[in-house]
Amino acid sequence: MSLQFVVDGLLTGSMIGLGAIGVTLTYSILRFSNFAHGDFMAWGTYATLAVVSAIGATVGKVAPIAPLSFGWPLIVALVIGMAFTALLALLLDKVLFSRLRSQGQAIIVVMASFGASMALRSLLEFTFTSRPTYFSRAIQIAMPVGFGIRITPDQIALLLLTAVLVLGVHLLMTRTQTGRSMQALSQNAALARIVGIDVASVVRVTWVIGGALACVAGVMIGILVQIRPFMGFDMLLPMFAAAILGGIGSIPGAVLGGLIIGLAEAGAVQLIGAEWRAAVSFILLMAVLFVRPIGLFGVRER
Amino acid sequence: MSEIVLDVRDLEAGYEPGVPIVRGASITVKKGEIVVVLGPNGAGKSSFIKAIAGLVPITGGTVFLDGKDITAAPAHTMVRLGLAFVPQTENIFQLMSVEDNLRVACGILERREIPARIEEMYAAFPDLVRQRRTAAGNLSGGQRQMLAVARALIVHPKVLVLDEPSAGLSPKFVSMVFEMLANIRKSGVTILLVEQNAKAALAIGDRAYVLVEGKDRHQGIASELWNDPVVAELYLGQRPSQAGKGGTA
């Protein structure tokens with residue numbers, strides 16, 4: 001068999017993992033499953049696309065940074081898109097989630113996020129139509145790197161970007177006061193307030209991180225696959241599977257969960273057929289939870 | 001007379017509107033004192049102290065800290081105002097290391113002051129040094145209480161407020177905790193505590209109040225209260241004034 005599935009799996013896994021970080025943070029700090037998280041991805045991607053087009057319309061055609069398929073406009077647009085998605089998440093929290101959260105019933109917030117998900121997606125379809133679009137239609141030549149594996153420059157760049165972002169978020173969570181405050185809030189909200197942590201500001205940071213990373217994951221899908229309104233929604237189940245597999249609340253867990261699911265899906269496509277793609281990740285999820293119900297990196301309080 | 005640090009007047013508080021648990025309780029705590037709040041089960045002691053710390057909604061009365069009105073200030077602003085609270089249970093972050101438990105509480109300190117302040121806490125609570133990398137959930141009951149108190153003290157509070165620090169501890173740890181509080185007072189920290197274990201608390205306290213049905217009904221010098229017949233009566237649920245009122249209560 002070819003080892004190509006390793007590269008494919010790592011790439012899919014990176015997208016799932018970056019998205020799962022937001023899912024796991026929202027779940028552990030705000031205590032609800034945010035079904036609109038996938039739509040943050042799609043909105044972030046379309047926002048990035050819009051900025052790329054706007055830059056193209058003002059400064060004309062920009063040559064890609066060789067050997068990549070994209071130039072500086074996409075990089076600038078991604079940063080703006082991340083900020084936009086973070087603001088979108090903050091706005092949605094302010095007008096919808098925070099009000100329902102204060103009533104204290106998690107299930108109402110979950111249902112509301114499902115509604116928000118549909119509304120956001122429909123707005124995208126309404127504005128951009130459901131026809132797929134692309135950041136670039138240029139074809140990249142995949143380079144052979146041995147063991148029958150081929151990889152494109154874009155893929156290498158995006159894998160590196162994922163590694164940097166994951167490391168950054170991990171350091172933020174473990175080495176900074178903001179990160180410790182987030183951990184504290186996820187473990188014991190009442191005590192967090194007593195030690196002087198402003199819950200509202202930690203909640204804002206959570207949305208900013210989750211939203212910004214969702215945008216990156218979306219743009220990765222946009223670069224490597226295609227852009228369409230359902231792109232984020234289709235990632236929802238793998239992202240939740242990754243977050244649960246890795247252990248809710250754990251950043252390394254979410255990323256590892258994403259990579260495992262990405263690799264399993266890619267392996268399944270190669271070994272047993274594409275129609276088993278989704279099933280394999282869930283069989284894996286169930287198997288892990290059967291042996292270790294708290295997930296790989298999950299921790300049980302004593 | 002030394003200055004008053006904490007001044008609570010006619011405090012009314014409760015979780016639901018119209019159902020006060022604390023019904024007009026007043027106490028004062030002077031600088032450098034240990035003040036104990038006693039009372040039978042269900043007297044509202046815990047709600048009283050949580051209301052002061054901003055954790056139970058206040059419906060009436062005032063709380064002044066160092067002359068400043070802190071009535072119903074949000075709980076997360078209390079450490080900045082100078083009030084550090086140690087809850088009765090779940091008073092540490094179990095999954096975080098001992099050191100991170102201390103560090104996460106340092107939000108109001110100057111960044112460069114923090115490492116020295118943490119070392120000061122280790123010097124005051126040597127048991128914690130060896131466990132600095134251990135998850136706090138692995139500590140013994142007594143060590144957990146130490147960590148919770150160290151975490152509260154690290155921000156230089158004007159008053160340290162504790163909700164039943166001896167609850168759930170074995171007798172060996174109970175005496176250890178009260179000894180620790182007596183030592184903390186010696187270092188100049190003002191302490192207010194609610195306690196079920198009246199004898200041990202009165203032994204280290206300066207003054208004490210007896211709270212019954214959400215109201216302060218009696219007060220006195222801590223060392224004298226243990227043998228005070230009024231306290232015994234209050235604990236047995238007989239209201240000293242009931243006969244005089246002709247049963248209107």
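**Chain B, strand by strand and helix by helix**

Visitor: Where does helix H6 (residues 141-153) of chain B lie, and how does it run relative to E6(B)?

Guide: H6(B) lies across E6 and E7 of chain B, and its angle to E6(B) is about 170°. Anything over 145 degrees counts as roughly antiparallel, so H6(B) at about 170° is roughly antiparallel to E6(B). Keep in mind that this is a predicted model.

Visitor: What makes the sheet with E6 and E7 of chain B an open one, and which are its edge strands?

Guide: Its order is E6-E7-E8-E3-E9-E10 in chain B, 6 strands with mixed pairing. The edge strands are E6 (83-86) and E10 (215-221) of chain B, each of which pairs on one side only. On average, neighbouring strands here are turned by 20° against each other, with direction ignored.

Visitor: How do you know that E3(B) pairs with E8(B), and in which sense?

Guide: Two strands need at least two bridges to pair. E3(B) and E8 (residues 190-194) of chain B have 4 bridges, in the parallel sense, so they pass. Two of the partnerships can be named: B:Val36 stands opposite B:Leu193, and B:Val37 stands opposite B:Val194.

Visitor: And what joins E3(B) to E9(B)?

Guide: Again 4 bridges, between E3(B) and E9 (residues 207-212) of chain B, and these strands run parallel. B:Val37 has B:Tyr209 as its bridge partner in E9(B).

Visitor: What makes strand E3 (residues 34-38) of chain B "mostly covered"?

Guide: A residue is called buried when 20 or more other C-beta atoms lie within 10 Å of its own. In E3(B), 5 of 5 residues meet that cut-off, so the label fits. Side chains in a regular strand alternate between the two faces of the sheet. In E3(B), B:Ile34, B:Val36 and B:Leu38 are on one side, B:Val35 and B:Val37 on the other, and all are buried. For the whole of chain B, buried residues make up 45% of the 249.

Visitor: Why is B:Arg130 called exposed?

Guide: The cut-off for exposed is 12 or fewer C-beta atoms within 10 Å. B:Arg130 has 11 others within that distance, so it is exposed. Its place is in the loop between helix H5 (126-129) and H6 of chain B. The C-alpha atoms of B:Arg130 and B:Leu211 are separated by 40 Å, with their positions 81 residues apart along the chain.

Visitor: What is the order of the 4 strands in the antiparallel sheet of chain B?

Guide: The order is E2-E1-E4-E5, and this sheet is open too. E2 (22-30) and E5 (68-69) of chain B each have a single partner strand, so one side of each has no neighbour in the sheet. E5(B) is joined to E4 (residues 58-65) of chain B by 2 bridges, which just satisfies the requirement of at least two, so this counts as a pair. One of those bridges has B:Leu65 and B:Lys68 as partners.

Visitor: What does H1(B) touch on this sheet?

Guide: H1 (residues 45-52) of chain B packs against E1 (4-13), E2 and E4 of chain B, and its direction makes about 120° with that of E1(B). Roughly perpendicular stops at 115 degrees and roughly antiparallel starts over 145, so about 120° counts as oblique.

Visitor: How do you know that H5(A) is roughly perpendicular to H6(A)?

Guide: The axes of H5 (residues 153-175) and H6 (residues 177-187) of chain A cross at roughly 75° and come within 5 Å. The perpendicular class covers 65 to 115 degrees, so that name applies. The contact involves A:Leu172, A:Met173, A:Thr174 and A:Arg175 of H5(A), with A:Thr178, A:Gly179, A:Met182 and A:Gln183 of H6(A). By class, that is 3 nonpolar, 4 polar and 1 charged.

Visitor: How many residues of chain B are in contact with chain A?

Guide: 21 residues of chain B are in contact with 18 of chain A. H2 (78-81) and H3 (98-104) of chain B are the elements giving two or more residues to that side, and H3(B) gives the most, with 3. The chain B side divides into 11 nonpolar, 5 polar and 5 charged residues.

Visitor: Why does the radius of gyration of chain B agree with a compact globule?

Guide: A compact globule of 249 residues would be near 18 Å, and chain B has 18 Å, so the two agree.

Note on methods. Residues numbered from 1 in each chain as written. Chains lettered and ligands numbered in written order. Predicted model: local features only at pLDDT ≥ 70, side-chain atom pairs only at ≥ 80, totals over all residues. Contact = placed C-beta atoms within 7 Å. Nonpolar A, V, L, I, M, F, W, Y, C, P; charged D, E, K, R; others polar. Axes fitted to C-alpha atoms, helices over the stretch in contact; angles between N-to-C directions. Rg over C-alpha atoms; globule rule 2.2 N^0.38 Å. Parallel < 35°, antiparallel > 145°, perpendicular 65-115°, else oblique.
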